[in-house]
Amino acid sequence: MEGIMAYQWLTKPKVWLYGSLSLLLILMIACGAAEESPAETGSAPSTAAEQSAQEQMQQPAGPPPAAQRQPSTGMSGGAGGTTQGTDTMAQQQEPAPTAAPAMSDAPAVAAKQVTRLEFAITSANNETNRPWKGSRQAYVQYDPTLDYAIGIHPTTSEYVPELAYKWEASADLSEWTFWLREGIQFHNGWGELTADDFVHTAQMLTRPDTRLGTWRYFVGGRNDDGSPLAGPDKYFTKIDDYTFKMTFHGRDGNPITTFDAEFVMSNASSEMGPWSKDFWESAGGDGEVYFCGETAPASCTATLEAREALLDEEGLQGTGSYQYMGREPALAFIMEKTPGTHWTHNVDLPEGVFPDDPDFQEIRLYWTPEDASRYAALLAGEAHLADLPLDLQKDAAENGMKLFRSQFTSNNFFVFFGGMYLSDDPKDVAAYDPSVPWAETPWAGQEPVQDRNSPEFKNNGWKVRRAMNKAINREELLDVLYKGIGELMYVGYFHPSHYGWDDTWPQRYETEYKYNPDEARQLLAEAGYDESNPVKVTVQSYVSPGEAELPQAMEAIATYWQNVGIEVDIEDLSASQVRERYRGREMQNRVWPNIIIYFPLEYGNLSGFTSTFGASSHYQDNWVNRVATDWRTASDFAERDRIAREWGNWAFDNYMTMPLFWFPHTVVGDPAVVDSWIYPGSTVPRNGHMHAVKAAYKG
C-alpha cells in the first residue's frame, strides 16, 4: 500500500512505548507494506516455519453459517423443522478447517501442563457484571458461564437444542414456545433452572436503562416515561415450570412476525442466557424489583442497590461449563470450571455440541488494547491465546504459533456515515445538520426520491458519499489485511447467502464502488468542495474484542481520503464512547467502523443499523422506516425476499454505508498449551464455545 501502513504506525507516539519488541514489529509491518514478501510474490518460502505459516494463512474462508441462512418454524430433538428459503440458502456446505497441519519436518513442541488458560483480548468495552449495562461485545465475559435455550453447533452453525429440548412457532411467527429440560442446576447451589429464570433475565434486559437491543423484540417500544408498551405479562407466558411462550412485539406494542426469534434466544445473540432469579432476590427486599423510577419508594431503591451490589460481587450465576470466579479491576475477568458433572452429560444432545469436559480448570480473559503487547505476551508465554490483527498472525505463525480459525465466514466490516438523520422522526429532525457534507440532501424529513437518475437523487450529499466510497482501494486493503481469507462486501451487511441478494451487485460494483480517485476528486468538486473548502471528517477509531485490525484499516482509509483532498482527523476512543455517540445521534461530521458477526439479515438491518426501529441511529429516512414496517410484518417468505432485495438496492444506489469485507475470525495460540479449538465464530462474543478449547498436554 505504498507505505500507508508503515506511515500510520510510525506516526503514532504511543507505539514507541511498547519497547524493543514493539519496535521490531513496527519495522516488520513497515517492511511488509513497502515490499512484497516471498509468499506475496509467489516465490518459495525460505524456511519450513515460513512455509507452515503460509499454509496456515492461506486457509480458505469458510461458508456462511447454516443456521442463519434459513429460518425454521420448529425444532425438536436436534432435527430440523420446516425451512424456508431459496436453493442457495438451503444448500449445505462443509465447514472450513480451523488450522492447516503443521509441517512434517517442523520440530515437535513439548506440551505444557497449564491449569489457568490466559487469553489476551483487546478490551472488554464495558467491564461490568451487570449485563444490561454493557454492549454486545461485553458478552465475551459472560458467554462461558451461561447456556441458552438454543445452541449453535460448532461445526455446522445450525440452531440446536440446548437448555430447551424443543421449540415451535405459531403460524405467523409472532409466538414461540419453548420446552425446557428438567433438573438443570445453577452454579453454586442456586437451584434448578425454570421458566421463571427466563422471564427474570428478560426483565433485566428490558429495563429502561438497558444498553442492549433485545428489549425491542420483547416490548416493541416505550411510553414517554420509559415504561414498555408490552410488559412481561405480554411478552412472556408461563405455561408451567418448564414451558413458556415468548411473544414478540413491534414498535406499536402489538405482536409481530419475528424471523429472528431463534437468534434472539440462542448463544448467537448471547443476551438471553438465563441466570438465577433466586440468586438475584437473595439480597433481600420484596418482589420482582428490576428498576426504580424517580417516583419509586425508598424501599425499591434500597432493594435494587442491594441486589446490584450482590451481582457486582458474585457475578452472574448461570448454568455454563464455567462459573464466575472474580475480577481484577481494569485488568481481567476470571472463571473456573463448574465442579461436578455438568448437566450436558446427563441429557441427549446433538453430537459435538458439548464434546467433553473443559480441559482447563480456569480461564482468565485479560484486557490488552495494544496489538504489540498482546503479541509480546504470547511469545513470552504469558498468554496462551491472543486476539491479533492479520499482519501479526502471519508473524506469529512463522514463530511457531498456531492459528485457530472460526468454522464460518463470521465477520463483516463496513463504515458508517454519521449524521444521516433524515427521517421526520422528532429526534432525527432535532439532530439533522445539513452542513454535514454527505448528509446534505433536499429530502431530509420527507420521502426520498427513488429515481436514481433524478438530479434530486444525485444531490451533493450523494456525490460526497459516492466519492468517499470510490476513494477507498478495497482490493489493496483486502490484500493487506485479509490475505487469502476475505471477500468483498458489495452492500452493507448483505452476504450472497442471505435472502434478498441481488446477483447484479458484484458487476455493478465495478463502476459504482471500485477504486477511482480521479472520479472521487471530480465528484467532490461537483459537490462544491476543493482545496480551499475541503470535506472535513473525523474518524472514530477504537479497539474491541475480535476486531484487532480495525484501527489499522481506518488509518489506511483515512490516507486514501487524504489523497483525494478530504481533510481527516482520527480520534482514538473506547468502543463504549463510540457507542454512546451513535446511539445519542451525536455523529455529525464523523464516520466510524463496525466489525460484526453474521446476523440474520433483518436483525442486522432493522434492529441494528438502519430505520428508527433500531437502537443504533446509523441511518434513518422515511423510506427505510416505511419499508422496515412492511419487512417486519411480512410472514410470507417470498415477500420478505422481495422487500430485502428492494432494501439492498436502495442501500447500494444511495451509498448508505461504505461496505468493505467478509472474513472468518482467527485467534492465535501457543501450540505447547492449546492443541485445537473448534468454534463457529457466528456468535456475538466470536470467541464462543470456550469449553471446546483443547489442551496440548494430555497427561
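This is a short talk about a sheet, two nonpolar cores and one tyrosine in a predicted model.

Okay, let's start with the sheet. It's an open one with 6 strands, and the order across it goes S16-S20-S15-S19-S17-S18, with mixed pairing. So what's at the edges? That's S16, residues 487–488, and S18, residues 567–572; each has a single partner strand, so one side of each is left without a neighbour in the sheet.

If you're new to this, strands of a sheet pair through backbone hydrogen bonds, either parallel or antiparallel. Take S15, residues 411–417, and S19, residues 590–597: they run antiparallel, and 7 bridges join them. One pair to find on your screen is Phe416 with its bridge partner in S19, Trp592.

Now look for helix H15, residues 460–470. H15 lies across S15, S17, S19 and S20, and runs at about 30° to S20.

Next, the cores. In soluble globular proteins, nonpolar side chains tend to be buried together. Here the largest nonpolar core has 156 residues, and Trp438 and Trp561 have the most contacts inside it. Which helix gives the most to this core? It's H19, residues 550–563, with 8 residues. Click on Trp561 and you'll see contacts beyond its sequence neighbours, including Met468, Val537, Val591 and Met658. There's also a second, separate core of 24 residues, with Phe333 and Leu385 among them.

Last stop: Tyr697, in the segment after strand S23. Tyr697 is partly exposed, with a relative accessible area of 34%. Setting aside residues up to four places away in sequence, Tyr697 touches Ala111, Lys112 and Gln113. And Val673, 24 residues from Tyr697 in sequence, is 6.7 Å from it in space, C-alpha to C-alpha.

Technical notes: Residues are numbered from 1 along each chain as its sequence is written. This is a predicted model: local features need pLDDT of at least 70, side-chain atom pairs count only at pLDDT 80 or more; totals for chains, interfaces and linings use all residues. Side-chain values use heavy atoms; hydrogens and water are left out. Two strands pair if DSSP finds at least two bridges between them. Helices (H or I, at least four residues) and strands (E, at least two) are DSSP runs, numbered from the N terminus. Contact means heavy atoms within 4.5 Å. Axes are lines fitted to C-alpha atoms, for helices over the stretch in contact, and angles run from 0 to 180 degrees between N-to-C directions. Buried means under 20% relative accessible area, exposed over 50%, partly exposed in between (1.4 Å probe, protein chains only). A nonpolar core is a set of buried Ala, Val, Leu, Ile, Met, Phe, Trp, Tyr and Cys residues joined through side-chain atoms within 4.5 Å.
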